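Trainee: Could you take me through one part of this protein slowly, as you would at the bench? I would like to see how the pieces of a nonpolar core and its sheet fit together.

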Amino acid sequence: MGLCARVVRGLAVAGTVLGGVFFSTVAVSVVAHDVVQAQTVQSIVVEGNRRVEAATIRSYFKPGPGGHLSPLEIDQGLKALIATGLFEDVKISHAGGRLVVTVVEAKVINQIAFEGNKKAKDEQLSAEIQSKARGTLNKATVQADVQRIVEIYHRSGRFDVSVDPKIIELPNNRVNLVFEIREGAKTGIKAINFVGNHAYSSYRLKDVIKTSVSNWLSFLQTTDIYDPDRLESDRDLLRRFYLSHGYADIRILSATGVYDPSRKGFIITFTIDEGQQYHVGKVDIRSNVAAINGQSLRGALKIRAGSVYNADLVDKSIEGMTIEAAKRGYAFAQVRPSADRDYQRKLIDLTFTVDEGQRVYIERINIRGNTRTRDYVIRREFDIGEGDAYNRALIDRAERRLKNLNYFKSVKITNEPGSAPDRIVIDVDVVEKSTGNFSIAGGYSTAEGWLSEVSITETNLMGRGQYARASVSYGQYARGVELSFAEPYFLGYRVGAGIDLYWKETLESDFVSYGTKTYGTNLRLTFPLTEELSVSPRYSIYSQEITLPTYLNNCITTPPGTGPGGSIFPGGTPAGYHTHTFPVTPGDECYYDGEASLPARMELAAGATITSALGYSLTYNTLDNNKDPHSGTFAELRQDFAGIGGDVKYVRSTVDARQYAEVLPDVTGLIRVRAGNITGWGGQDVRMLDNFQMGGNLVRGFATNGIGPRDLTPGTFNDAVGGTMFWAATAEVQTPLYFLPKEIGIKLAGFVDAGSLWDYQGPTYWAANGEHMFLNGSNSGAPVRASAGIGLLWDSPVGPIRFDFAFPFMKQSYDRTQWFRFSGGTSF
């Protein structure tokens, strides 16, 4: 047979087979169609249902034209039944010319339980899962619930968690669903690495980010657990840090966390492309608004030619110029910065262009996510409102303010089109965080001994943005109670108002022979003048009195050795008596057993006094970080005028200025100067209790109240009586200890202190007793004290701790020195 014949015959056979298949298919379809067309919803037979009514099942089948069910409608009904989740299985069949729907009902969950969970509460887990008691059991939903529970533990840093769902069969098609949880150990961060950083060491960059490495005190912190959201936040913090230090080309290429099974923790790696550091070249302002001269806006500039480029200062300059233009009647004015880089000279020429801007109004401001904080607390941080002209610079300022409130984990402001082309909607999305704190604190210092405190603090009271604090302290030489309340927007204005009520008691110690009891109140206001400058007027009224041990105010004249056991006291040495050697000169027999200094006993005899004072503080602050500054200036001027009623009259002024700068990478230099003066008026001398009392708080290496005018009368406690004038200067350099892990938080400091306290103006003669006080020579001059030393600063998870070792190389013979000074505290 030829090739063509075989091909023709093959095609004929194939055609016959295909024709047969086609005919059979059509025949089956016709038959099925005839069967279905014979069925209606009412004729459907339902089998296997126990809880669900047959009519309910039939209702999922929607008939077509003529009230009959086609194959398409049967298929849609089948899918709808499965989607309800009420059935484990649904089958469609035909019997006796009728449509039969056979169902296997899903089991009903009688109870849901969690076993093995200690770090997550049942309530928290129940709120996250989709399976519910008295609902139906769905295996896909249960598996999804397992993943949700695992995610909860991942967010708390436990990546070794495993969850095994168990189903316990019960009568009547019911089950108990039990999630067996093995939480595993906390999965911490074992290392943080930086790749590509040259200008700043990894040690320095770890100060910038929030994520930290696990250590032996990790139980007191949560930043050492892996959190992808925090990692993204750290990425932004690093970028902003470099931009504020001149690195305009900075790129954070990646921020990754990889689990290391051998170390049972995460390794975090930030890959950085720093670029080069730029300084500011020329700064120009161009105005396209005819009525605004660009040069007239130079006063709003925060960045200057020759300085290191700082993106934060660029943003603040834009805000300042925008606000100034709005004050001149141009609410839609927009300020756009442009930067022209000179790569060879490493300079950036800045040009700020002022345009009238598109006339767009704010239609609405939506606040979302604030489950606790009131809407108005968020809205008042905006300098613009609904119906006002839209300005991006003011929106950015509001976002920065909201973040600085520290009420929210995150703040994000976005825009969407409004109901018209010239309308815009502002969306503010926030995530709340805890703002309350209960603290049990303990500490010790060489000046004040041990001290404990219990306090409760709320920085967002009842969601109103108010501050409240109550504390009780008890210590070796001091104790007290304090209540504080502050309203940041007094009477609806950006003015802070606060009140303090307090009671304090200090006891005699090795440094002073007397104690004090003080109770009173402070009323204060705070007016922000600029972003960096604020003024805080205040009014204080308090009662104060001196307390003295009896043996320091008894004028015993018994000769030494005549008391029991050879004691100088006729009745024996009293309990608590401080052992001192009191040389007594003829005519001063009152001092046989030692006495407090004359000013202390005179103020004791005068009784409690009322001080009513009006004052203010003027504060300038440009620090990059208030807790651990590396650059910037802090300066404060304080003045108080006492005599607005009360018993005491004086004018007191103090100034404190600090300048920080990075002298080398990771090395911070500090220059600090302080000075003060207090002067009585209305014919009054300054009381000893109102004088400046200085020691190690002015010049390290000296004891508390260790310098300045002192009572040297033989037989007395030789109390420091204080002075009316002081000055001090400090130079300090702080550097990390690179051989220690960064997470330990220890720095080494080297310092030199100098200062003086002088000019006692109180009484030196008590006419009623005929007593004289022998005062040292500090009244006739201002002898300089100076010291040098080293310190260890530990920013521990339980609070800041500092050790200072100082050697005083300039001092007076009557000064009291203390080469070691320690202070620290904790809250838990």
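Mentor: Gladly; what follows is a walk through the sheet, the helix that packs on it and the core they share. Please keep in mind that this is a predicted model.

Let's begin with the sheet. Find three strands in the order 7-9-8, which make an open sheet with mixed pairing. Strand 7 and strand 8 are the edges, each pairing on one side only. On average, neighbouring strands here are turned by 15 degrees against each other, direction ignored.

Now look at the two pairings in turn. Strand 7 and strand 9 run parallel and are joined by six bridges. Strand 8 and strand 9 run antiparallel, with nine bridges between them. In general, strands of a sheet pair through backbone hydrogen bonds, and they can do so in either parallel or antiparallel fashion. Strand 8 and strand 9 form a hairpin with four residues between the strands, and there Lys264 takes a positive phi near 55 degrees.

Put your cursor on Phe270 next, as this residue links many parts of the picture. In strand 9, Phe270 is the bridge partner of Phe194, and Phe270 is also the bridge partner of Ala255. Setting aside neighbours within four places in sequence, the contacts of Phe270 include Ile192, Phe194 and Val195. Leu231, Asp234, Arg235 and Leu238 are also among its contacts, as are Ser254 and Ala255.

Several of those names bring us to helix 7. This helix packs on the sheet and touches strand 7, strand 8 and strand 9. Its direction makes about 145 degrees with that of strand 8. As a check on its geometry, the 16 residues of helix 7 should span 22 Å at 1.5 Å a residue, and the end C-alpha atoms are 23 Å apart, so the two values agree.

Which residues of helix 7 are buried? They are Arg230, Leu231, Asp234, Leu237, Leu238, Phe241, Tyr242 and Leu243. An α-helix has 3.6 residues a turn, so residues three or four places apart point the same way. The buried residues of helix 7 pack against strand 7, helix 6, strand 8, strand 9 and helix 8.

With the sheet and helix in view, turn to the core itself. The largest nonpolar core holds 47 residues, of which Phe270, Tyr309 and Phe352 touch the most other members. Among the elements that each supply at least two of its residues are strand 7 (189-195), strand 8 (251-260) and strand 9 (265-273). Helix 6 (202-208), helix 7 (228-243) and helix 8 (311-327) each do so as well, and so do strand 10 (279-287) and strand 12 (347-355). Helix 7 gives the largest share, six residues. As a general point, nonpolar side chains tend to be buried together in soluble globular proteins. A second, separate core of 21 residues includes Val360, Ile362, Phe408 and Ile413.

To tie this together, return once more to Phe270: this residue of strand 9 has bridge partners Phe194 and Ala255, and Phe270 is one of the three residues that touch the most other members of the largest core.

Key: Residues are numbered from 1 along each chain as its sequence is written. This is a predicted model: local features need pLDDT of at least 70, side-chain atom pairs count only at pLDDT 80 or more; totals for chains, interfaces and linings use all residues. Side-chain values use heavy atoms; hydrogens and water are left out. A nonpolar core is a set of buried Ala, Val, Leu, Ile, Met, Phe, Trp, Tyr and Cys residues joined through side-chain atoms within 4.5 Å. Buried means under 20% relative accessible area, exposed over 50%, partly exposed in between (1.4 Å probe, protein chains only). Contact means heavy atoms within 4.5 Å. Two strands pair if DSSP finds at least two bridges between them. Axes are lines fitted to C-alpha atoms, for helices over the stretch in contact, and angles run from 0 to 180 degrees between N-to-C directions. The expected span of a helix is 1.5 Å times one less than its number of residues.
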